[in-house]
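Reader: Could you walk me through the backbone of this model, please?

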Amino acid sequence: MEELKETYFTPVVPLDFGYNYRLGAYLERYLDGLKERKILGVKCGGCGDVLVPPRMYCGKCRRKLEEWVEVGDRGELVDFTVGHVSMSKGKLSPADPYAIGLVKLDGASCPLLARIKGVEAASLRPGMRLRASWNEAAESDYLVLDHFGPE
Amino acid sequence: MDDKVAIVGVNYAQGDDLGLTRERLCFNAVRGLLDQLGIDRHAIDSFILASNDFLEGRTISNVFEDGPVGAYLKDETKVEMDGINAVVYGALRILEGNYDTALIIAHGLCGHQVSPYLQVQYSLDPTYDRQLGLLNELSGAALQAKAYLRRHGLDEGWLDRAAAWELSCGASNDKVTRKLEGVDEAKVSSSAYLYEPLRELHCYPPTDGVCAIVMASAGRARELTDRPVWIRGFGSSIDSYYFAGRDLAVSPSAGEAARRAYAMAGVDDPASRIDLAEVSGLFAYQAPLLAAAMGLAGEEEAPHRFASGEMGKDAPLSLNPSGGALSAHPVCATGAVRVAEAFRQLRGEAGAVQAGEPKLALAHGQDGLCLQQNTVVILGI
């Protein structure tokens, strides 16, 4: 019998559907805070860490976190990367270089991953001071805290 | 652990495009292995599949593969993680005493059929990280690479040298995807940036792959082969999901996984006892980071020794003589392939990449973002 070939990547099978997730009370309160230009975290009564975004339990101490605190909208760049691609649904596309970084806000114990704008990529340095920039008109609540820029 | 559970045979394939349906690939891997051992599917007590429903685009995807691997109407189960965890599962089932043999079959087809980045992208918190759209496998790895370089005072040239070294090992391995003859630092540094400091050749290649492994109890193993490779120990550990709160320059979960495996294997000084390590470093900085985390090299010396080739196949401790996951990363099968590479090294069957005559080997697999989850298996002959 003639050997059958396996050559074609067909059919293309799309998976196109959405999920509705509940955010949980802590993330909901965090997003509500952003609308008032407040960055909220929770403080652990055990180790004293302030987690931003807030979580219900401390990973170190296994304690429930119940003390809400407002952290600064300024902070220090811990580290950064300059992206030359963007990823959507696993697919990479070329992109104009853009910076994202870990910003440790004043009063927070762990950094927040955020877009960084208004600073030349070559001038970015760990330790540099940055300040939140807001966009209340953003389509998504998450993007009200739009990016971090020069202090 | 004494001679209780052994690997008696392996059969694996990796490539940019293996050109077959997943069912045919799995069938070929299993049929080839059973023929090699001179047995049929009825000699297998427990079938353990490792694959990822998300990457396959269908749920409970093992039901489509049970036929091709011969698992129908047999004892069958599945691991939705890297295949090295299926090896651990197989060892546990045999140790438990109800099974004498287990067949592990791990596969991932991310060469052309689906993006290899999907698995991690869709493992991210849907209510936060996915909403922001900044974090993915590559941007996370870039931040980890930065942290590692800074911790050790290394520059991007080191990253190029580390990648060139690991890829040059893979260049003599017939079983990898990225077979780059004459690859050097200049070639690596001329590949395009993805997320700085990571360039394309600092990152794993999209890969198709399948790996079949037969394991057996001591008595059965000796019937099936003259040279069983014994499982001496295993361990696994997982770190916090919240990567921004972790110290990215180290991997305590890899250290903990190794510590558990060493304790079981009775290895108190891994740097002198282990002859060969095959670790799943998906990015150029990860193999030395993992080697240090697992006590195979000092933290400060690991990056230099690795990138300069001092941990090559002629060294007392060879690290990734196969070319590692930087040369081929079939998501879900990569850790199982590390076990298979260690198997053929211990039996002296690794051909051009043979690293002396190793007696004790370490295989490692990972899942998640920035080395979040790690599993280690110690094998000996």
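Author: Gladly, and one definition helps: helices (H or I, at least four residues) and strands (E, at least two) are DSSP runs, numbered from the N terminus. This is a predicted model, where local features need pLDDT of at least 70, side-chain atom pairs count only at pLDDT 80 or more, and totals for chains, interfaces and linings use all residues. Residues are numbered from 1 along each chain as its sequence is written, while chains are lettered from A and ligands numbered from 1 in the order in which they are written.

Reader: Thanks! Is A:Lys89 buried or exposed?

Author: A:Lys89 lies in the loop between β4 (74-88) and β5 (91-105) of chain A, and its phi is positive, near 50°. A residue is buried if 20 or more other C-beta atoms lie within 10 Å of its own, exposed if 12 or fewer, and partly exposed in between, with C-beta atoms placed from the backbone. A:Lys89 has 11 other C-beta atoms within 10 Å, so the residue is exposed.

Reader: Which residue stands opposite A:Val42 in β2(A)?

Author: In chain A, 3 strands form an open antiparallel sheet in the order β2-β1-β3, where two strands pair if DSSP finds at least two bridges between them. Strand β1 (residues 39-43) of chain A is joined to β2(A) by 2 bridges. The residue opposite A:Val42 there is A:Leu51.

Reader: What is omega for the cis peptide bond from A:Val52 to A:Pro53?

Author: A:Pro53 sits in the loop between β2 and β3 of chain A. The cis bond leading from A:Val52 to A:Pro53 has omega near -10°.
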